[in-house]
Amino acid sequence: MANEKDLNKQRFDREAAASLVKELRTTFASGKTKSYEWRVAQLKGIARMVYEKENELVEVLHKDLSKPETESHVTEISMVKTACKHALKDLKKWMKPEKVNGSILTFPSSSEIVSEPLGVTLVIAPWNYPFLLAIDPVIGAIAAGNCVVLKPSEISPATSSFFMEFLKEYVDRSAIRVVEGAVDETSALLEQKWDKIFYTGNGKVGRIIMAAAAKHLTPVVLELGGKSPLVVDANINLQVAARRIVAGKWGSNNGQTCVSPDYIITTKTFAATLIDALKNTLEQFFGKDPLQSKDMSRIVNSNHFARLTRLLDEDNVSSKIIHGGERDEKRLYISPTILLDAPEDSQIMNEEIFGPLLPIVTVDKVEDSFDVINSRSKPLAAYIFTNDKRLEGEFVRTVSAGGILINDTIIHLANANLPFGGVGESGTGSYHGKFSFEAFSHKKAVLHRGFGGDAPMRYPPYTPAKQRLLKALLEGSIYGIILALIGWPRA
Ligand code: NAD
């Protein structure tokens, strides 16, 4: 007898997608996903899965990306545990209707904002943090009381199979499902009507998602990427800065991270000092032959390896390599590579790098870096290392980015009290913590009235006296209200 996975692989076409959505709509209509207890049971199930299958997770992440075990724990497994804990701790608070003030026009009444689930939702995940970026939005969808279909990335097949095999053991299968597959399966899913689509990946596919969603007026969250700049001022603790830059670039999935520093901007006079510090730190972290280091993820597959080597091999770019550049095509590694002043019109300076290459752009004054950043699309993250409070303030004021982090890299996304998401080309919508709950909720406006306090002035016939009183009330003019009530001036 064929198992669920085989069936899924064999015939996940438009009909299969339609019937899946229909089934989940029936579940949603039953109302069971709306209860606090159901949500808690699912979130606890996911948390249990993470604890019980921790070793399997480390294994699949290693299979997909040669992810070092420590990295898997820090940037995927523990982040998911924290997301579950946070949701379980605060869910009651999030679900509670929020009382808000009324207005003169609605007096007497009470008003509240009620968060309601959207319905049947779709999460489409990428390969780079294949566990975290798939299950984290699912946690938000469940916390908000939705049914959800997860489509993991086919480029990280081991993690995708993990979801297919294990998730159903821990959650309610009538409301939470996994569909494996690539473009065909995702396209079949996208033809259906969803109540929210949450997509993480590149902007090209983001456009396909948004176009498909538009057909059904389905709202979307698009978690995209882009070229995240990192500005380095001269007056800093260089040793700490270099460690944080190297950790955020090569020590975080080897640059295959949406908020990875994509390029550095520093001054012409400081560049050499910075480069020395980066080289020393790289050697401390990954040894003299980084291609052999066990503490670095590999490039995900040969297509991405070819894409990255194309960036390096472009005319006028390869001569700009000042560190690294070695390759091991068989094992899918490129050593940490630094380039200095690659041509502005080169691909490496225009495409998101998403790998172990780090170009450095030099400017005359550090303030000039703001123009370099603002002349490009809005990035997902923007970083600055400086001790100058004025420069820091100017950076926050003038640079538009999904998020800004001062004197470190990447870790802003570990604070679930901050929304995580892009702006412009780097995405739309946000999540993490309460923002995940909100991403999958509709904020329903509810106003309660009794039958008392029925003011005749709002009803026809509209006499001049009623008009004067209404006008005064709307303008909030006590003086006008008194005059209208005493009938002055007389009509
Ligand atoms: P990917 O290739 O895994 O694609 C993402 C998802 O889109 C997959 O599930 C895939 O099956 C689906 N997909 C691919 N082509 C499709 C098509 N034609 N139609 C429908 N669905 C399709 O991942 P990727 O895009 O290579 O991921 C890397 C990009 O994602 C980078 O740009 C990175 O910055 C961005 N990213 C953003 C975040 C974030 O949180 N903002 C996180 C991770 C990655």
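## The ligand and its neighbours

Let's start with the ligand: 28 residues surround it, and S153, E154, N202, L224 and E352 come nearest. A residue counts as near when one of its heavy atoms lies within 4 Å of the molecule. Please keep in mind that this is a predicted model, where local features need pLDDT of at least 70, side-chain atom pairs count only at pLDDT 80 or more, and totals for chains, interfaces and linings use all residues. Residues are numbered from 1 along each chain as its sequence is written, and side-chain values use heavy atoms, with hydrogens and water left out.

By class, the shell around the ligand has 17 nonpolar, 7 polar and 4 charged residues. Here Ala, Val, Leu, Ile, Met, Phe, Trp, Tyr, Cys and Pro count as nonpolar, Asp, Glu, Lys and Arg as charged, and the others, Gly among them, as polar.

## Polar contacts and cover

Side chains of K151, E154 and N202 each place a polar atom by a ligand oxygen: at 2.8 Å for K151, at 2.6 Å for E154 and at 2.6 Å for N202. The ligand has 850 Å² of accessible area on its own, and the protein covers 92% of that. Such areas come from the Shrake-Rupley method with a 1.4 Å probe.

## What builds the shell

Three elements each supply at least two shell residues: α8 (183-190), β6 (196-200) and α9 (203-215). The largest share, 3 residues, comes from α8. Helices (H or I, at least four residues) and strands (E, at least two) are DSSP runs, numbered from the N terminus.

## Domains

The domain assignment gives domain 1 (4-224 + 433-443), domain 2 (229-415) and domain 3 (464-491); its bounds come from an automatic or database assignment. Domain 1 and domain 2 each contribute at least three residues to the shell around the ligand. Taken over C-alpha atoms, the centres of domain 2 and domain 3 are 65 Å apart.

## Backbone details to check

Two cis peptide bonds are worth a look. One runs from F107 to P108, with omega near -5°, and P108 sits in the loop between β1 (98-100) and β2 (110-117). Another joins P460 to P461, with omega near 0°; P461 belongs to the loop between β18 (441-448) and α16 (464-475).

D341, a residue other than glycine, has a positive phi near 50°. D341 lies in the loop between β13 (337-340) and β14 (357-363).

Note on methods. Polar contact = N/O pair within 3.5 Å; in protein donor to acceptor, adjacent residues only side chain to side chain.
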